[in-house]
Amino acid sequence: MSTSADSPAKVLARIIDTSQPQTLLSCGSTANDVAAVWQQQAGCQLLTLDTKDPNAHLPPAQTPDLALITDTLEHLPYEEGALLLGQLRNYGAHQIAVVMPQSSDWGFTDFIALGFQRHAELETENGALTLYTYNLDTYNHKRAWNNPDNWANPHMWGKSWW
């Protein structure tokens, strides 16, 4: 985790630039602004959610490569916010980036419980923000014991499910 004086928009723009999404989902004013710039530059498909009721249009018609969430969760009841993140994650969004004020009711353990990692802390004139990220490719790390060599019957690996 790093501490940065960069604006949330710059950090999200770097995430977009790194991931090069073909389908981008955004929710929140900062996320929408950054996503609109990327759409103009790259011509990607852009899906936007309403911050007042983001779950109304989920699941999305197409699985987003990247979802950006800002200025949203801190204004929703916890259950609604957890439902939003859970649906994005469970419907296969490859990466999710959430920027949250540190003064919100959401805590570090709330994001960890949903499979997110604390990625960076951002200092802004309006207070400290935290960037949490989820990446489907790195979420569930490979375990050394989960292979046929460590099974009692390696010849049955992948053949029987009970």
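**Cysteines, charges and exposure**

User: Why does Cys-44 form no bond with its closest cysteine sulfur?
Analyst: The closest cysteine sulfur to that of Cys-44 is in Cys-27, 16 Å away. A disulfide needs the two sulfur atoms within 2.5 Å. So the pair is too far apart for a bond. Bear in mind that this is a predicted model.

User: How many disulfides does the structure hold?
Analyst: Zero. Cys-27 tells the matching story: its closest cysteine sulfur is in Cys-44, at 16 Å, too far for a bond.

User: What makes Cys-27 count as buried?
Analyst: Its relative accessible area is 0%. Buried means under 20%, so Cys-27 is buried.

User: Is Cys-44 buried or exposed, and how do you know?
Analyst: Cys-44 has a relative accessible area of 5%. The cut-off for buried is under 20%, so Cys-44 is buried.

User: Which residues form the negative surface patch?
Analyst: Asp-50, Asp-53, Glu-79 and Glu-80. Asp and Glu count as negative, so the patch they form is called negative.

User: Why is Glu-80 called partly exposed?
Analyst: Its relative accessibility is 31%. Partly exposed lies between the 20% and 50% cut-offs, so Glu-80 is partly exposed. Glu-80 sits in helix H3, residues 78–90.

User: What about Tyr-139: where is it, and how exposed?
Analyst: Tyr-139 belongs to helix H5, residues 136–139. Its relative accessible area is 47%. Exposed needs over 50%, so Tyr-139 counts as partly exposed.

User: How far is Tyr-139 from Pro-21?
Analyst: They are 118 residues apart in sequence. In space, C-alpha to C-alpha, they are 18 Å apart.

How values were computed: Residues numbered from 1 in each chain as written. Predicted model: local features only at pLDDT ≥ 70, side-chain atom pairs only at ≥ 80, totals over all residues. Heavy atoms only, no water. Buried < 20%, exposed > 50% of the residue type's maximum accessible area, 1.4 Å probe, protein only. Patch = residues over 30% accessible without salt bridge, like charges linked within 9 Å, V, L, I, M, F, W, Y side chains within 5 Å. Areas by Shrake-Rupley, 256 points an atom, 1.4 Å probe, with all protein chains shown as cover. Salt bridge = Lys/Arg side-chain N within 4 Å of Asp/Glu carboxyl O. Charge placed at Lys NZ, Arg CZ, Asp CG, Glu CD. Helix = DSSP H or I, 4+ residues; strand = E, 2+ residues; numbered from the N terminus.
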